[in-house]
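Me: Got a minute to go through this one with me? I'd like to talk over how the helices and strands sit together.
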Amino acid sequence: MGVIERIGGAAVRTRGAVQPKAIVDLPLDQLIRDDCIAAMRALPDASIDMVFADPPYNLQLGGDLNRPDGSHVDAVTDDWDKFDSFAAYDSFTRAWLAEARRILKPAGTIWVIGSYHNIFRVGTAMQDAGFWILNDIVWRKANPMPNFKGTRFTNAHETLIWASQGEKARYTFNYRSMKTLNDELQMRSDWVLPICGGQERLKRGGHKAHPTQKPEALLYRVLLSCTKPGDVVLDPFFGTGTTGAVARRLGRRWIGIEREPAYCEVALERIAAALPLDESALEIMQSAKSQPRVAFGTLVETGMIAAGSVLTDAKRRWQARVRIDGSLECGTEKGSIHRLGATLQGAPSCNGWTFWHLESEGKLSPIDSVRQTYLLATEP
């Protein structure tokens, strides 16, 4: 893993192992420091399985934002989010989407996340470019930043657009994994996840390393839903490397593009610390044709119960390994926390939250205690 810096069309490795000056093959698991459009132009046609894009939102913020107590709010005031006009932003959007469409495989898909400032303009550009919208996902933030001025509704969600290469294009959708992740219920298009905070929020000098860092749980769900182990995921607006970190954990290959040196430095450190899951945890349930409830998969997504962890019943009769989609595996048996518990006991049903326990410092605690901790941490 390293960073590739483009200078005058050539590519040289500035960190990591030696890289030839011309990239012949895909720069897998590499960060390219360059303008996103120029960097994508250097990639081969139909070579990428999925694009995840978190482009500038063009927030058009005027002046600083302060809380009622006078303290400053870290907002997006960087030059990379400033455009002279809507026309300039639309031109930029069409240019990077054209390259994304070219490098995507026929069965590849694209995800774009944005706010009300830009997502409708981006959606129009995607349809004009020939993409076929499969879903719009509403990421409802469990703990949004309040509206300090009290002049509008609190902005409590962002929108993700998921699209294929065309109306009849084939694409990957791990339906069974999404259902298992959601406690055997179909995954809906409204996702309740907390914003990035706590230890996950990267900081430099006491300030946010990036103003719009996305939570790993969000990328976990995106990558698990429509990619397979070994698939190549491209993020043309890499920022602090959330996509790369999650891809490494899930056994996917990644390519990042980022032009800001400070973000590149943070991203490389972060991805290096992201431990990939072992092969047994990477096996997922194969497809076969509302809140305050919390799915067991949410605890796995957020890292409160790590994939690969071993759960046991209170009497230690059975041990089950947690898999990346929130399902459990015990010997040859696989299923959700509820279904597997019922199968092992030969019972018609089972409350997995109280049946399965997690051991810590020699003490067993029901996984429901972890769920309650999650609910307290994300309580509005």
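Me: Which residues of helix 10 are buried?
Reply: In helix 10, which covers residues 337-345, the buried ones are Ile-337, Leu-340, Gly-341, Ala-342 and Leu-344. Bear in mind that this is a predicted model.

Me: And what does Gly-346 do just after helix 10?
Reply: Gly-346 takes a positive phi there, about 65°.

Me: OK, on to the sheet. In what order do the six strands come?
Reply: The order is 16-15-14-13-17-18, with antiparallel pairing, and the sheet is open. Strand 16 (333-335) and strand 18 (363-366) are at the edges with a single partner strand each, so each has one side with no neighbour in the sheet.

Me: How many degrees does the twist average?
Reply: From one strand to the next, the average is 35°.

Me: Does anything pack on it? I mean, which strands does helix 12 touch?
Reply: Helix 12 (residues 367-377) packs on the sheet and touches strand 13 (310-313), strand 17 (356-360) and strand 18. Its direction makes about 65° with that of strand 18.

Me: Zooming in on strands 14 and 15, how many bridges join them?
Reply: Two bridges, between strand 14 (residues 319-322) and strand 15 (residues 328-330), and the strands run antiparallel. Arg-321 has Glu-329 in strand 15 as its bridge partner.

Me: Switching to helix pairs. At what angle do helix 2 and helix 3 pack?
Reply: Helix 2 (residues 86-103) and helix 3 (residues 119-129) pack at about 45°, and their axes are 10 Å apart. That angle makes helix 2 oblique to helix 3. The crossing is right-handed.

Me: Which residues make the contact?
Reply: From helix 2 you have Phe-86, Tyr-89, Asp-90, Thr-93, Arg-94, Leu-97 and Arg-101. Helix 3 brings Arg-121, Val-122, Ala-125, Met-126 and Ala-129. By class, that contact has seven nonpolar, one polar and four charged residues.

Me: Now helix 6 against helix 7: roughly parallel or roughly antiparallel?
Reply: The axes of helix 6 (residues 242-249) and helix 7 (residues 261-272) come within 9 Å and cross at roughly 15°. That makes helix 6 roughly parallel to helix 7, since angles under 35 degrees count as such. Helix 6 passes helix 7 in a right-handed crossing.

Me: And who's touching whom in that one?
Reply: Thr-242, Gly-244, Ala-245 and Arg-248 on helix 6, with Arg-270, Ile-271 and Ala-272 on helix 7. Sorted by class, the contact has three nonpolar, two polar and two charged residues.

How values were computed: Residues are numbered from 1 along each chain as its sequence is written. This is a predicted model: local features need pLDDT of at least 70, side-chain atom pairs count only at pLDDT 80 or more; totals for chains, interfaces and linings use all residues. Side-chain values use heavy atoms; hydrogens and water are left out. Axes are lines fitted to C-alpha atoms, for helices over the stretch in contact, and angles run from 0 to 180 degrees between N-to-C directions. Helices (H or I, at least four residues) and strands (E, at least two) are DSSP runs, numbered from the N terminus. Angles under 35 degrees count as roughly parallel, over 145 as roughly antiparallel, 65 to 115 as roughly perpendicular and the rest as oblique. A crossing is left-handed if the near helix is turned anticlockwise from the far one by less than a right angle, and right-handed if clockwise. Contact means heavy atoms within 4.5 Å. Ala, Val, Leu, Ile, Met, Phe, Trp, Tyr, Cys and Pro count as nonpolar, Asp, Glu, Lys and Arg as charged, and the others, Gly among them, as polar. Buried means under 20% relative accessible area, exposed over 50%, partly exposed in between (1.4 Å probe, protein chains only). Two strands pair if DSSP finds at least two bridges between them.
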